[in-house]
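The following exercises concern strand pairing, backbone geometry and nonpolar cores. Please attempt each task before reading its solution.

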Amino acid sequence: LTSADASITLKGAVARPLELAGGQFDLTADVPDAAGLSGFPALPRGLRGAARLEWRDPQNISLSRFQLTSPALAASAVLNLGLAGRPNLTGRIDVSRLDLDALTPPPTRNAAPAAPAAPAASSGDGRVIPDIALPVASLMALDAELRLALSGVTSRNLRQAAVQTNLRLRNGALALAPFNLTIPAGRLAGQINVNAAANPAQYSLRLRSEGAGLDLAALSGALDGLGLRGQGELATDLRGAGATTRAIAASLHGEMGLALV
């Protein structure tokens with residue numbers, strides 16, 4: 001398949017088509033510039049991808065090879081999906097490069113300035129925390145055990161960040177443990193839990209700074225430069241419940257400790 005400068009190639013076979021078994025397909029994609037592709041303006045420039053999908057029977061499907069590369073993104077994955085009984089996903093996902101600014105589409109510019117519109121009546125209630133519903137019901141769809149590793153995460157306000165964690169999902173209960181976050185200011189470690197089977201859904205966060213603590217100068221750089229210098233230590237153990245961000249904030253309780261030198 002070709003469109004503009006982009007091309008996709010699919011090749012494979014099914015050894016036992018009457019049983020839908022013994023299948024293997026290889027997919028390659030080359031998208032030098034998605035600007036010419038209608039409906040895909042957000043794809044990063046210079047995107048190349050390759051994947052291999054295999055299944056020995058309809059109950060066991062594997063993505064034995066998956067790679068995406070571009071100047072803004074580099075990722076790979078190996079995944080296995082079992083469909084016998086409750087769906088179960090296992091494997092690993094590695095992202096070695098992620099430029100958040102490059103993946104954000106630039107704002108559209110109008111050829112001519114639009115006429116000023118009449119001021120609309122405010123529909124908000126003036127509160128700081130928006131009331132956003134969290135789609136945690138999707139966690140009930142399957143079980144999973146995944147190793148997640150993100151490194152080389154950058155943006156305009158973040159020089160470098162990395163996340164490493166093991167994801168475990170069982171009957172709607174999600175655990176990210178251990179959860180390790182590295183930012184220019186230092187390292188944080190802890191655990192994140194979401195229980196979508198409870199009504200309302202329950203959330204918990206444990207996070208603690210490691211090593212020498214957080215470099216306040218590097219941290220304040222991400223906060224528009226507060227002029228702080230020294231080291232800081234952080235320890236949190238928070239819990240909440242609710243279907244929206246505002247409900248979680250209203251029920252938030254636990255402990256938070258902060259030490260600054």
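**Exercises with solutions**

**Exercise 1.** Determine how many residues form the hairpin connection from β4 to β5, and describe the pairing of β4 with its partners.

*Solution.* The hairpin that links β4 to β5 contains 2 residues. In this predicted model, β4 (residues 47-57) and β5 (residues 60-69) are antiparallel, and 9 bridges join them. One position to inspect is Arg52, which stands opposite Arg65 in β5. Next, turn to β3 (residues 21-31): this strand also pairs with β4 in the antiparallel sense, over 9 bridges. Here Gly23 has Trp55 of β4 as its bridge partner.

**Exercise 2.** State whether Ala4 is buried or exposed, and describe its phi angle.

*Solution.* First, locate Ala4 in the loop between β1 (2-3) and β2 (6-16). Its phi is positive, about 55°, although the residue is not a glycine. Most residues other than glycine have a negative phi. Finally, compare the accessibility with the cut-off: Ala4 has 62% relative accessibility, and exposed means over 50%, so Ala4 counts as exposed.

**Exercise 3.** Identify where the cis bond preceding Pro200 occurs.

*Solution.* The bond joins Asn199 and Pro200, with omega about 0°. Pro200 lies in the loop between β11 and β12. A further cis bond runs from Ala177 to Pro178, with omega near -10°; Pro178 belongs to strand β10.

**Exercise 4.** Find how many residues the largest nonpolar core has.

*Solution.* This core has 23 residues, and Leu174 is among those with the most contacts inside it. Leu174 touches several residues, including Leu139, Leu167 and Val194. A second, separate core has 6 residues, among them Leu73 and Val153.

How values were computed: Residues are numbered from 1 along each chain as its sequence is written. This is a predicted model: local features need pLDDT of at least 70, side-chain atom pairs count only at pLDDT 80 or more; totals for chains, interfaces and linings use all residues. Side-chain values use heavy atoms; hydrogens and water are left out. A nonpolar core is a set of buried Ala, Val, Leu, Ile, Met, Phe, Trp, Tyr and Cys residues joined through side-chain atoms within 4.5 Å. Buried means under 20% relative accessible area, exposed over 50%, partly exposed in between (1.4 Å probe, protein chains only). Contact means heavy atoms within 4.5 Å. Two strands pair if DSSP finds at least two bridges between them. Helices (H or I, at least four residues) and strands (E, at least two) are DSSP runs, numbered from the N terminus. Lists of a residue's contacts leave out its neighbours within four places in sequence.
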